[in-house]
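Visitor: I'd like a close look at one helix packing in this model, please. Take me through how the two helices meet and who does the touching, and then show me a few spots elsewhere in the chain.

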Amino acid sequence: METNRGSFSRIGFILAAAGSAVGLGNLWKFPYTVGENGGGLFVVIYLLSVIAIAFPVLLAEVTLGRFTGKNPVGAFNAIKPGTPWKLVGYLGVASGFMILSFYSVVAGTTLGYFFKSVTGQFVNITPEIAEQTCDAFTSNPAFQLPLLALFIAITVFVVMRGVSGGIEKFSKILMPVLFGILILLLVRSLTLSGAAKGIEFYLKPDISALKPKLVLDAMGQAFFSLSLGMGTMITYGSYVSKRENLVTSAGWIASFDTGIALMAGFIIFPAIFSQGMNEAAGPDTMFNVLPVLFDKMPGGIFFGPLFFLLLSIAALTSTISILEVPVAYAVDERKWGRKKSAILIGSIACLIGVPAALSQGSVPFLADLPLLHISFMALWVQVWGVLSLSIGAFFIALFVGYAWKPGNALMEIRQGAGSLKAVSLWVFAVKYVSPLLILAILIGMFF
Ligand code: PHE
């Protein structure tokens with residue numbers, strides 16, 4: 001079922017998919033979620049989720065995408081036409097809108113921090129001033145709204161130019177540089193005095209922290225970080241050539257993404273504990289810690305701005321992949337032009353992002369939703385970034401395990417992969433392990 005919708009080159013797919021996976025999920029969301037959930041135990045459950053629950057879904061998504069050559073709605077429809085399965089695709093398209101909206105708010109802040117650091121505003125910064133600066137910045141609509149719009153506009157610009165013209169080019173050069181700066185940050189943080197306390201918090205599981213919400217958050221983090229559950233990997237899979245080995249590609253993507261998240265923890269927690277900062281500061285955590293860390297690092301005045309710029313770009317390679325889901329749907333199924341789809345969908349996501357942008361302190365009602373006692377932003381992250389992705393992943397696993405049937409998926413996987421020994425393990429995981437654990441964890445939410 002190959003089509004001429006454009007495609008990735010061999011290495012292009014791994015880079016673009018890793019670009020989608022690596023982003024704010026790793027450097028912003030992972031450390032603060034670890035912090036809120038009490039440290040080491042969360043990390044353990046997150047790693048187990050990646051291996052046992054998320055990886056099987058990752059392989060299922062890319063296989064589904066490459067076999068059908070379609071967006072999520074089209075993919076379900078191609079295999080089981082005229083059935084309600086396409087609703088799973090629609091849920092993915094909806095999640096795309098919603099995740100893009102709040103993700104771009106945070107990405108906008110990253111861009112703002114680039115401007116701040118390049119103009120020397122973090123020189124000689126103390127932990128207290130860093131926290132005040134972050135509060136003042138995120139609660140000011142005059143910064144948040146234009147940055148949200150700017151970030152979505154850049155995303156739209158890239159997606160408009162199509163798969164290989166836009167998406168691939170941007171992923172290629174910048175990831176290695178980002179990785180290099182992360183290594184420098186790692187060395188700086190681990191050598192701070194008092195770093196060991198941070199490592200202990202990060203690595204030592206405390207069983208008394210075990211709660212249904214921790215498990216749900218850990219699993220949701222695995223899906224969010226690997227861009228699963230909304231059809232991003234179905235869509236990117238649809239641009240992959242039949243010569244590509246999907247199993248090793250998926251393995252690389254998952255290892256790379258998980259490695260960067262783990263590294264982020266090794267950077268953030270030693271710094272937090274050595275500077276006496278708050279490990280449960282929520283979404284502000286990364287923005288509180290990093291300026292302090294760069295200020296304490298030789299060459300920080302240079303690496304700081306470079307880092308925030310690269311992080312914005314890492315966020316961009318993720319927002320591109322998020323916007324690509326509804327755009328691929330509009331182009332394939334609604335026959336809209338790529339340009340029109342990108343602009344229209346981007347504009348709507350920008351509007352949906354406004355309450356999230358205003359909820360970080362500037363509008364009291366949104367900053368503390370009545371009854372729920374969380375901010376609109378936190379609610380959006382939980383509903384779309386955790387719940388909807390988990391529900392989507394559940395149905396994707398069911399679809400491949402029972403409707404499409406693993407035998408058919410295996411025929412697709414074997415192209416480019418040759419004979420495979422470990423695949424029976426994957427079949428077992430996609431039929432039983434992933435769906436049952438996701439279901440159990442979702443039900444656990446009510447207890
Ligand atoms: N995986 C991305 C990150 O970690 C976010 C993302 C979620 C991208 C869902 C696509 C789909 O930043």
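Guide: Here's the helix pair, followed by a handful of single residues. One thing up front: this is a predicted model.

The pair is α10, which covers residues 212–225, and α19, which covers residues 423–444. Their axes sit 9 Å apart and make an angle of about 135 degrees. Anything over 145 would count as roughly antiparallel, and 65 to 115 as roughly perpendicular, so α10 and α19 come out as oblique to each other. As for handedness, the crossing of α10 and α19 is left-handed. On the α10 side, the contact is made by Pro-212, Val-215, Leu-216, Met-219 and Phe-223. Facing them from α19 are Ile-438, Ile-441, Leu-442 and Gly-444. Sort that contact by class and you get 8 nonpolar residues, 1 polar and no charged ones. The polar entry is Gly-444, because glycine is put in the polar class here.

Stay on α10 for a moment, since Ser-225 is found in that helix too. Its relative accessibility is 0%, so Ser-225 counts as buried. Setting aside neighbours within four places in sequence, Ser-225 is in contact with Ala-21, Asn-26, Tyr-46 and Asp-257.

Now for a loop. Phe-122 lies between α5 (86–118) and α6 (127–138). Is that loop residue buried or exposed? With a relative accessible area of 8%, Phe-122 is buried, the cut-off being under 20%. Not counting residues up to four places away in sequence, Phe-122 touches Tyr-113, Lys-116, Ser-117, Thr-133, Pro-291, Asp-295 and Phe-308. If you want a long-range distance from there, Phe-122 and Leu-47 are 75 residues apart in sequence, and their C-alpha atoms are 34 Å apart in space.

Ile-183 gives you another pair to look at. This residue is found in helix α8, residues 163–190, and at 37% relative accessible area Ile-183 is partly exposed. Ile-183 and Met-263 are 80 residues apart along the chain, with 8.4 Å separating their C-alpha atoms.

Last stop, the cysteines. A disulfide is a covalent bond between the sulfur atoms of two cysteines. A search of the whole structure turns up 0 of them. As for burial, Cys-134 has a relative accessible area of 0% and is buried, while Cys-350, at 17%, also counts as buried.

Definitions and conventions:
Residues are numbered from 1 along each chain as its sequence is written. This is a predicted model: local features need pLDDT of at least 70, side-chain atom pairs count only at pLDDT 80 or more; totals for chains, interfaces and linings use all residues. Side-chain values use heavy atoms; hydrogens and water are left out. Axes are lines fitted to C-alpha atoms, for helices over the stretch in contact, and angles run from 0 to 180 degrees between N-to-C directions. Helices (H or I, at least four residues) and strands (E, at least two) are DSSP runs, numbered from the N terminus. Angles under 35 degrees count as roughly parallel, over 145 as roughly antiparallel, 65 to 115 as roughly perpendicular and the rest as oblique. A crossing is left-handed if the near helix is turned anticlockwise from the far one by less than a right angle, and right-handed if clockwise. Contact means heavy atoms within 4.5 Å. A disulfide is a pair of cysteine sulfur atoms within 2.5 Å. Buried means under 20% relative accessible area, exposed over 50%, partly exposed in between (1.4 Å probe, protein chains only).
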